[in-house]
Amino acid sequence: VPESIDIREFDTGNLLYQSTLGARYQQRYGAPYYHIYRPDLHAILLGELLKRAPGAVEFDSAVAGFLEAADSVSVNLKSGRVEQGDCLIGADGIRSNIRTQLLGDTQVNWTGNVAWRGVLDASCLGSDFMDTVVSNFVGHKKHMVIYYLRAQKLINFVGVVKNPNWTNDSWVEKAPWQELKADYQGWHKLVQQVIDRVPKEQCYRWALCDHQPLGQWSSNRVTLLGDAAHATLPFLASGAVMAIEDAKILQRALDENETVERGLDSYQRNRLKRTAKIQNRSRQAGLLYHLPSRFMRRTVFKALNFRSGSNEHFLPEYDACTIPLV
C-alpha cells in the first residue's frame, strides 16, 4: 500500500507534485490504494471463477466469428466447434475481433511512444532503496514510474519513451537492455539503480496504442468489455480497473433487466461516459509527464497542486457496486 504518488524532476529528483494515499486515502474512500501484481490478480479471479463454475475456462479456443440470432448468439471457434449462449461478451483486447465484426474497422491509434517494463527482486536494491511510494520521474518526451509489488518483495518499473521506430505492441516482445540504459542516460540515481539491476534478458518493450472513445459497444446480444471497448493508455494506471468496473456494472445491468437486450443497453449507457473520461484523462496525463522544459513542468504541476482534489478524486469516488444505474 503506497503512501503517496510522487512526481519528480527526471534528474534532480525535485518533487513537483504529490498525491497523498495511505491512511488518509483509506479513510476517505473506505479502502486502501493497492498495487497488485497482474499475475496475482489473474490467479485470484481465476480461482474464484473456477470455484463457482468448474471447467468454465478453456484455452486454445480462438474465435473465428459469431452469428447473432433473435434469441441467442453462436460463437464459431477456429477449431470448427460452435458454442451457443444468451449473449457474447467480447473481452479480447485492443485489437478485438469481436469489435471488428460488431462495429466494423475501428482505428487503433499508435501514439509514437513505447513502454519499457520489468520486474526485479527488491532485495537486490536494499531495504532503504525507496520509501513506500510511487516514484514517477518525468522529463522531455519520456518518464519512468517505479513502485513496489507483493509487500515490497518486488519492484516494478514502466518507462515510457518517444520512439517512432518501434510499433510492435506485444507484451512479450523483449528488447536490448543497452537501449533501455541509453534511453535513460543522465537520469536520477534511483532510475539508474533499477535499470542496472533488472535482469538483462527480461527487458520488455511494447508500442503504446489506444483508440478514440466509441459511441456504441453493443447489439441486442453482443457487447464489449475492457480494452476491446475502451483501450486506455497506462498514464492513470486505470485500464485494468476499468475492465473490472465494466464487469460489475454488466452483471448488475443484466440482473436488473428482464431481457438481455435491455441489460446490454443499460450496461453501455452506464459505462460510456466514465470510460471515455478515463481515456481522455490518460492521454492528457501523458502529455503532462513529457513537457519539454523544467519551467513548464514546475509551472503546470504547481498549478495542479492547488486543485488536486478535482484532478484526482474522480477515480476512487466511483463505486461500481453501489452507483445508481441510469
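Two strands count as paired if DSSP finds at least two bridges between them. Keep that rule in mind for this predicted model. Strand E7 (109–121) and strand E10 (154–162) pass it. Nine bridges join E7 to E10, and the two run antiparallel. One point to look for is leucine 120, which stands opposite isoleucine 155 in E10.

E10 has a partner in E9 as well. Strand E9 (142–149) is joined to E10 by eight bridges, again in the antiparallel sense. Here histidine 143 has valine 160 in E10 as its bridge partner. E9 and E10 form a hairpin with four residues between the strands. In that hairpin, arginine 150 takes a positive phi near 50°.

How much of E10 is buried? Eight of its nine residues are, so E10 is largely enclosed by the rest of the structure.

Now look at glycine 118, which is found in strand E7. Its relative accessible area is 5%, so glycine 118 is buried. Leaving out residues up to four places away in sequence, glycine 118 touches Ile155, Asn156, Phe157 and Gln202. Proline 316 is another matter. Its C-alpha atom is separated from that of glycine 118 by 27 Å, and the two residues lie 198 apart along the chain.

Next comes the nonpolar interior. In soluble globular proteins, nonpolar side chains tend to be buried together. The largest nonpolar core here has 29 residues. Phe129, Ile146, Ile155, Phe157, Leu180 and Tyr184 touch the most other members. E7, E9, E10, H4 and H5 each supply at least two residues of this core. The largest share, four residues, comes from H5. Apart from this core lies another, of 22 residues. Val73, Leu214, Ala253 and Tyr318 are among them.

Return to phenylalanine 157 in the largest core. Neighbours within four places in sequence are set aside here. Its contacts then include Trp116, Gly118 and Leu120. Met144, Val145 and Ile146 are also in contact with phenylalanine 157, as are Leu180, Val194 and Val198.

Helix H5 (189–197) deserves its own look. Its buried residues are Leu190, Val191, Gln192, Val194 and Ile195. What covers them? The cover includes E7, strand E8 (134–139), E9, E10 and H4.

Aromatic rings come next. The model has eight aromatic pairs. Phenylalanine 10 and tryptophan 187 form one that is tilted, with 5.1 Å centre to centre and 55° between the planes. This pair links distant parts of the chain, with the two positions 177 residues apart in numbering. Phenylalanine 10 lies in the loop between strand E1 (4–9) and strand E2 (15–20). Tryptophan 187 lies in the loop between helix H4 (177–183) and helix H5. Phenylalanine 10 has a relative accessible area of 18%. That is under 20%, so it counts as buried. Tryptophan 187, at 9%, is buried too.

Tyrosine 25 and tyrosine 33 make an edge-to-face pair, 5.6 Å centre to centre with 85° between the planes. Tyrosine 25 counts as buried, at 14% relative accessibility.

Ring pairs also link Phe10, Tyr184 and Trp187 into a cluster. Tyrosine 184 has a charge over its ring: the charged end of lysine 142 sits 5.8 Å from the ring centre. Lysine 200 lies over the face of tryptophan 177, at 4.3 Å from the ring centre.

Strands E3, E4 and E5 are the next stop. Strand E3 (residues 63–68) and E4 pair in the antiparallel sense over five bridges. Glycine 65 stands opposite asparagine 76 in E4. A hairpin joins E3 to E4 through four residues. Strand E4 (residues 73–77) is also joined to strand E5 (residues 82–85), by four bridges and antiparallel. There, valine 75 stands opposite glutamate 83 in E5. E4 and E5 form a hairpin too, with four residues between them. Glycine 80 in its turn has a positive phi of about 100°.

The last stop is glutamine 279, in helix H8 (residues 260–289). Is glutamine 279 buried or exposed? At 1% relative accessibility, it counts as buried. A polar atom of its side chain lies 3.0 Å from the backbone oxygen of histidine 211. Beyond its neighbours within four places in sequence, glutamine 279 is in contact with His211, Gln212, Pro213, His230, Ala231 and Thr232.

Methods: Residues are numbered from 1 along each chain as its sequence is written. This is a predicted model: local features need pLDDT of at least 70, side-chain atom pairs count only at pLDDT 80 or more; totals for chains, interfaces and linings use all residues. Side-chain values use heavy atoms; hydrogens and water are left out. Rings of Phe, Tyr and Trp (its six-membered ring) pair if their centres lie within 6.5 Å; planes under 30 degrees apart count as stacked, over 60 as edge-to-face and the rest as tilted. Buried means under 20% relative accessible area, exposed over 50%, partly exposed in between (1.4 Å probe, protein chains only). A charge sits over a ring if NZ of Lys or CZ of Arg is within 6 Å of the ring centre and within 35 degrees of the ring normal. A nonpolar core is a set of buried Ala, Val, Leu, Ile, Met, Phe, Trp, Tyr and Cys residues joined through side-chain atoms within 4.5 Å. Contact means heavy atoms within 4.5 Å. A polar contact is a pair of N or O atoms within 3.5 Å; within protein, one must be able to donate a hydrogen and the other to accept it, and residues adjacent in sequence count only if both atoms are side-chain atoms.
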